[in-house]
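This note sets out a few points to follow while viewing the structure. Please keep the sequence and the 3D view side by side as you read.

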Amino acid sequence: MPKDGGIGAATTRREDVRFLTGKGTYTDDIQRFGQAAAVFARSQVANGLIKSIDTSAAAAMPGVLAIFTGDDFVDVGGNPAGWLINSRDGEPMKEPKRPVLAHGKVRHVGDAYAAVIAETAEQARDAVEAIEADIEELPAIVDMAAALAGDNYVHDEIETNQCFDWGWIEDNRAAVDEAIKNAPHVTTLELVNNRLVPNAVEPRSSMAEYNASDDSYVLHTTSQNPHLTRLLISAFVLGIPENKLTVIAPDVGGGFGSKIYHYGEEALVLAAAKKVGRPVRWTADRTESFLTDAHGRDHVTKIELACDKDGKFLAFRTETMANVGAYLSNFSTATPTFLHGTLMAGNYTVPVIYTNVKAVFTNTAPVDAYRGAGRPEATFSIERVIDKAARELGIDPMEIRRRNFIKADQFPYAGAAGLEYDSGDYHALMDKLEQKVDRAGFAARRAASEAKGKLRGLGINTYVEACGIAPSNLVGVLGSRVGLYDAATVRVNATGNLAIMVGAHSHGQGHETVFPQIVGEMLGIDPASIEIVHGDTSKIPFGMGTYGSRSLAVCGSAMVRATEKIIAKASKIAAHMLEASAEDVEFADGAFTVKGTDKSVGFGEVALKAYIPHEFPIEDIEPGLEETAFYDPANFTYPAGAYACEVEVDPDTGQVSIERFIAVDDVGNVMNPIIVQGQIHGGVGQGVGQALLEGAVYDSEGQLLTGSYMDYTMPRAADLPFVEIDNSCVTPCTHNPLGVKGCGEAGAIGSPATVVNAVVDALQSGGKDVTHIDMPLTPGRVWAAMQ
Amino acid sequence: MTDISMTVNGKAVSGSVEGRTLLVDFLRNDLRLTGTHVGCDTSQCGACVVHVDGLAVKACTMFAAEADGAEVATIEGQANADGSLNVIQQAFQDHHGLQCGFCTPGMVMSAAALLKDNPKPTEAEIRDYLEGNICRCTGYHNIVKAIMAASGQDVGAIAAE
Amino acid sequence: MYAFEIERPETVADAAAALTGEAQALGGGQTLIPTLKQRLASPEKLVSLAGIAEMKGVCTGDDGRLCVGGATTHATVAAEAGSFPALAELASHIGDPAVRNRGTIGGSLANNDPAACYPAAVLGAGATIVTNTREIAADDFFDGMFTTALNEGEIITEVKFPVAQKANYQKFVQPASRFAMVGVFVAQTAEGVRVAVTGASEGGVFRWSEAEAALSANFDASALDGLSLDADGMIGDLHGSPAYRAHLVKVMTGRAVKAAA
């Protein structure tokens with residue numbers, strides 16, 4: 001067994017070497033002989049009727065090879081939603097077609113209605129400008145409430161802008177209403193969960209190749225889940241048989257959700273590669289990314305918390321409008337529902353909960369899962385209203401949470417929002433947080449800030465989230481159109497080293513380093529002798545990809561199961577080699593030993609025997625040593641945490657600075673602490689970004705005002721402090737083999753309310769009667785709130 | 001088209017470019033040095049930072065023709081002569097200063113420029129210097145830590161972990 | 001970008017000769033190149049000023065004024081304008097380090113972005129803009145957003161700054177672009193106090209005359225008590241309302257006075 005470099009070791013990442021030397025291979029780095037470029041003609045208006053598109057002048061431009069419009073794709077399918085939501089009345093959600101290129105109408109600024117394929121990107125851009133499109137601008141539908149009330153529709157054929165009206169849990173509605181009516185105290189908060197743009201630093205890019213000799217395609221694309229992309233293109237959009245389509249997601253420069261989904265550009269370059277008989281690439285510029293990547297969040301919510309005079313929670317009632325944008329992106333309907341409504345119990349024992357979500361079409365970019373996906377929205381609503389209730393009731397913010405926590409001995413705990421949490425210890429998390437915060441010293445720190453003319457605030461927040469969405473049987477009942485398992489193949493080579501083909505895709509998460517740590521430990525071999533293969537549908541068995549903090553919990557479990565199969569088969573081979581029965585052979589530290597003897601054979605020798613099967617029991621055991629496992633989890637996993645933040649507010653300018661940020665997370669067992677910490681750092685960065693800096697804003701005409709880094713504020717190094725992290729409170733997941741829960745989204749889920757709670761605390765300390773400010777808490781907004 | 005020649009990572013190179021050809025496009029497309037990345041159109045993300053005549057510049061906001069005759073250094077030329085990672089690169093690996101790797105070349109090139117001018121920068125100086133380098137993965141925590149470590153500072157006590 | 005040619009003259013005379021027709025001067029390109037990428041400009045020819053040695057560098061003139069060549073980068077000003085610390089400090093916070101290595105004072109002034117820093121320094125210090133054909137006083141140079149007194153093809157070759165007795169620049173950044181949401185340059189000179197404000201006004205950089213009068217009488221932040229700037233004409237956008245910007249002008253002015261004193 002590897003003493004160093006196994007499970008739990010802080011192994012540095014092997015993939016770093018290529019990234020640090022400029023040898024990474026991102027989609028836009030791939031260049032094929034004869035490669036042509038695609039550039040899209042995109043709508044300048046939010047809502048418009050396409051009356052005519054004349055491409056004749058563009059077609060005559062230098063270098064132009066082909067031009068596509070929506071007419072070219074009317075006979076193929078649309079890009080589907082992956083989850084069917086039924087409204088409270090039982091009616092299925094509205095699912096207007098999402099075509100490869102807009103046809104009939106353009107529905108948001110940036111909606112592509114044509115594409116030019118040319119020798120170079122600049123020639124294609126020149127030709128795009130020569131396309132004469134007669135598009136009649138129609139009034140834009142931007143505001144959700146107005147969209148629901150009006151009779152101007154994003155999709156005329158469905159005669160409504162409401163995608164669905166979902167109640168969770170509908171049967172609890174009356175009980176919640178009753179509880180709120182009779183409660184001694186009800187705290188109400190209306191809030192906006194601000195719309196965000198994921199902004200992976202690598203823009204989306206897709207390059208397709210077509211081979212006429214066998215009618216096959218290869219798509220290189222910036223994807224978090226190449227198999228899902230292949231499935232969607234094959235089964236729904238273009239109908240290319242899966243066996244004729246290889247999808248490769250090479251190095252991918254961040255995703256955060258935005259690269260889960262299939263986009264029309266992928267279908268377009270495939271069609272174009274066939275038509276022009278050459279490889280075709282499209283790479284987004286940043287403006288296109290802002291206009292067309294799936295955005296995140298964008299909820300308008302009213303939440304009510306009923307409690308008794310001691311702050312004991314009696315009920316939560318939430319009404320939310322969730323923007324889905326102009327078209328349904330693949331997971332857009334699951335995000336505000338089963339990743340949000342089911343989390344509305346938080347870390348607490350609450351007798352009854354009801355959440356209503358109305359999903360609304362607007363003339364804006366599609367909205368889908370972005371780091372956290374539904375859980376940040378749930379956590380923000382719950383933790384903000386709790387903070388407000390604590391102030392109203394005069395209860396300490398830590399104390400009110402403790403009074404309502406699910407206790408450690410209550411797990412597994414079935415909450416009123418429909419989930420059964422398998423494990424957790426929220427009191428331990430809060431105790432650890434309190435210890436790190438040094439509340440006793442806060443008064444002195446506040447006084448020091450005040451001496452500088454600043455207001456200081458302390459914000460507290462807890463969260464529980466749900467990762468590794470599963471099991472397939474359950475999600476199928478709830479409307480999912482896909483299964484949510486994952487797969488891995490462990491291939492032992494004859495000389496004893498390994499290739500592991502995994503369905504998860506690594507775009508920063510460090511799978512190439514961490515997965516070998518696990519299998520190395522299981523097999524007692526050096527992790528350096530194990531390679532991880534991912535991101536290529538022609539090489540890996542199947543996979544549902546990387547999102548929802550699922551890679552380790554789901555794909556990692558599949559890899560463990562496959563490795564267990566390897567050990568089982570190798571044990572049989574070893575038993576044969578040792579002339580013992582398989583039951584008498586035990587495996588430890590990389591060697592198979594006959595129990596009670598010193599007769600032993602090493603893993604490497606067994607591997608060699610499997611591939612050079614001389615004197616091999618061919619009748620009983622196949623040659624070779626390669627096993628595949630598909631793993632479908634029994635439940636979600638439930639990471640939880642307690643966060644604190646101290647801010648300083650400059651009362652003269654409204655500027656907020658984060659002085660301390662403390663994250664205490666229980667992510668289950670930790671496979672590699674530096675990777676876990678890195679994931680939490682990144683999540684906190686994005687959560688602080690949501691709280692203080694980021695917000696996508698459309699004007700009333702549907703123009704994106706924050707369409708570049710000149711107006712959309714990305715968190716920069718000076719906006720963030722070092723984050724103090726503690727992962728010492730561990731309650732392992734009880735239903736997966738590694739006891740892991742997931743850590744990719746925790747920071748983004750736990751931090752927004754932490755920051756806002758801290759700012760409100762600071763303003764109150766300065767005598768300002770401010771109970772809430774909508775994110776992002778820009779200086780201008782904070783200053784305005786103080787006036 | 002204009003004929004240009006320059007030194008890139010110590011090697012003389014030449015090419016023929018349009019006026020509008022950006023330095024980053026010349027590096028990526030003509031020289032196939034694809035380690036220098038493009039992440040925005042507004043000169044803000046810094047994924048394209050290279051050194052021109054010893055100064056950090058954004059290769060997406062300089063024309064290739066303007067680099068005619070210049071000494072250009074890119075991420076591909078940063079490793080030690082024996083191929084091992086240089087001090088900054090090694091610190092980024094040791095301290096997990098990168099995740100997806102896309103912003104990393106620009107971060108390393110900016111860090112190198114910073115340390116040349118300021119061999120022992122404070123945390124605040126590093127954060128300030130990185131204003132033009134956007135990372136979406138790391139929250140900058142380990143980038144700042146790596147740069148401090150690369151400058152020989154003890155980072156063991158940073159943020160109780 | 002649309003196609004164009006690039007010329008790289010080595011003298012001001014050659015540059016001026018090249019700047020005819022649909023030609024446009026290229027300073028450091030830090031604003032112009034992003035503009036070209038958006039296809040918002042279509043010059044036939046760019047004339048790069050970066051190779052003109054006579055337009056580069058910082059020196060002190062016989063009259064004691066600090067002279068900055070029009071093609072001098074922000075980084076060079078930050079490093080070499082030590083005799084006018086407020087100017088060096090301002091230059092050291094324009095954009096980011098890579099931008100400062102390319103962007104030039106001449107380019108910034110010719111563009112006259114309403115949120116740029118240099119216009120505040122030039123107007124606040126009462127500098128003189130020297131071109132290939134004439135000298136223009138700062139008070140006559142800025143002519144509203146993105147507009148200046150420059151003629152077509154005219155090149156800023158030098159900027160002469162009288163070194164103020166006391167001066168300071170305070171910038172409150174627009175968080176996304178990092179340009180000034182409000183930037184105030186305060187300079188105490190023998191002729192009185194000048195206060196120039198960038199970032200805030202729809203009319204571009206301007207002098208806040210009430211503050212100048214108050215500070216000329218008493219160069220102390222308390223002199224601003226009771227003053228308020230009209231929000232009318234201030235920029236309002238998603239980063240801040242006109243009222244907020246007007247308020248920030250006063251706050252930043254006070255801070256500049258404190259820092260200068």
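1. In this predicted model, strand 11 of chain C, residues 192-198, is largely enclosed by the rest of the structure, because six of its seven residues are buried. A residue is called buried here if 20 or more other C-beta atoms lie within 10 Å of its own.

2. Which strand is joined to strand 11 of chain C by a hairpin? Strand 10 of chain C leads into strand 11 of chain C through two residues, forming that hairpin. Strand 10 covers residues 180-189, and the two strands run antiparallel with seven bridges between them. One such pairing can be located by name: C:Gly183 has C:Thr198, in strand 11 of chain C, as its bridge partner.

3. Strand 11 of chain C also pairs with strand 12 of chain C, residues 206-207. This pairing is antiparallel as well and comprises two bridges. Here C:Ala196 is found opposite C:Arg207 of strand 12.

4. A separate point concerns chains A and B. The contact between them involves 46 residues of chain A and 48 residues of chain B. On the chain A side, the elements that contribute two or more residues are helix 1 (16-20), helix 8 (286-292), helix 17 (673-693) and strand 28 (723-726). Helix 17 of chain A provides the largest share, namely seven residues.

5. What is the make-up of the side of chain A that touches chain B, in nonpolar, polar and charged residues? It consists of 20 nonpolar, 16 polar and ten charged residues.

Definitions and conventions: Residues are numbered from 1 along each chain as its sequence is written. Chains are lettered from A and ligands numbered from 1 in the order in which they are written. This is a predicted model: local features need pLDDT of at least 70, side-chain atom pairs count only at pLDDT 80 or more; totals for chains, interfaces and linings use all residues. Two residues are in contact if their C-beta atoms, placed from the backbone, lie within 7 Å. Helices (H or I, at least four residues) and strands (E, at least two) are DSSP runs, numbered from the N terminus. Ala, Val, Leu, Ile, Met, Phe, Trp, Tyr, Cys and Pro count as nonpolar, Asp, Glu, Lys and Arg as charged, and the others, Gly among them, as polar. A residue is buried if 20 or more other C-beta atoms lie within 10 Å of its own, exposed if 12 or fewer, and partly exposed in between; C-beta atoms are placed from the backbone. Two strands pair if DSSP finds at least two bridges between them.
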